[in-house]
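Let's take a walk through the side-chain contacts of this one, starting with charged groups and moving on to rings.

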Amino acid sequence: MKLGEIGEVGEMAMSPGLADALQGDKQLSTDVHIAWQKYLQCDWGNLGEDDKEMNNNAVEDPGSDRILARYPTSQGDIYIITEQDRSFTLIMFCNEY
């Protein structure tokens, strides 16, 4: 896998709070979609350089660490987190963490 593509993300899930907020909110839906596209391209959003480097290393060496990114939305920041074993990815509001 080349850097720039996240690779395997496993099963997808969304937190209950984000799922509820998405009901009928087109802007939030657009924001989450944009965040997801960035995530898949290894754009980690609003993280420090050390965290971005950890994510890049995890992409280069799958299974070495989880991947976490943070993005702004119209209703507050969200996290996208892929587990270390790449079996599962969760999208959630940061305040639900």
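## Side-chain contacts

Lys 52 and Glu 49 sit three residues apart in helix α3 (residues 49-60), so about one helical turn separates them. This is a predicted model, so keep that in mind throughout. The two side chains form a salt bridge, with 3.9 Å between the closest N and O atoms. That makes the cut, because a salt bridge needs the Lys or Arg nitrogen within 4 Å of a carboxyl oxygen of Asp or Glu.

How exposed are the two partners? Glu 49 counts as exposed, at 60% relative accessibility, while Lys 52 counts as partly exposed, at 23%.

How many salt bridges does a search of the whole structure find? The search turns up two. Besides the Lys 52 and Glu 49 bridge, there's one where the side chains of Arg 70 and Asp 77 meet, at 2.8 Å from N to O. Both of these partners are partly exposed: Asp 77 has a relative accessible area of 23%, and Arg 70 comes in at 27%.

Now for the rings. The structure holds three aromatic pairs. Take Trp 36 and Tyr 39: their ring centres are 5.7 Å apart and their planes make an angle of 25°, so this pair is stacked. The cut-off behind that label is planes under 30 degrees apart. Both residues belong to helix α2 (residues 26-40), where they're three residues apart, or about one turn of the helix.

Tyr 39 has a second ring partner in Trp 44, and here the geometry is edge-to-face, with 5.7 Å from centre to centre and 80° between the planes. Here are those two pairs side by side:

| Ring pair | Centre to centre | Angle between planes | Arrangement |
|---|---|---|---|
| Trp 36 and Tyr 39 | 5.7 Å | 25° | stacked |
| Tyr 39 and Trp 44 | 5.7 Å | 80° | edge-to-face |

Put together, ring pairs link Trp 36, Tyr 39 and Trp 44 into a cluster.

Are these rings buried or exposed? Trp 36 is buried, with a relative accessible area of 16%; it gets that label because buried means under 20%. Tyr 39 is buried too, with a relative accessible area of 0%, and Trp 44 is likewise buried.

So what's the picture to take away? On the charged side, there are two salt bridges, with Glu 49 exposed and Lys 52 partly exposed. On the aromatic side, Trp 36, Tyr 39 and Trp 44 are joined in a cluster through ring pairs, and Tyr 39 and Trp 44 are both buried.

Methods. Residues are numbered from 1 along each chain as its sequence is written. This is a predicted model: local features need pLDDT of at least 70, side-chain atom pairs count only at pLDDT 80 or more; totals for chains, interfaces and linings use all residues. Side-chain values use heavy atoms; hydrogens and water are left out. Rings of Phe, Tyr and Trp (its six-membered ring) pair if their centres lie within 6.5 Å; planes under 30 degrees apart count as stacked, over 60 as edge-to-face and the rest as tilted. Helices (H or I, at least four residues) and strands (E, at least two) are DSSP runs, numbered from the N terminus. Buried means under 20% relative accessible area, exposed over 50%, partly exposed in between (1.4 Å probe, protein chains only).
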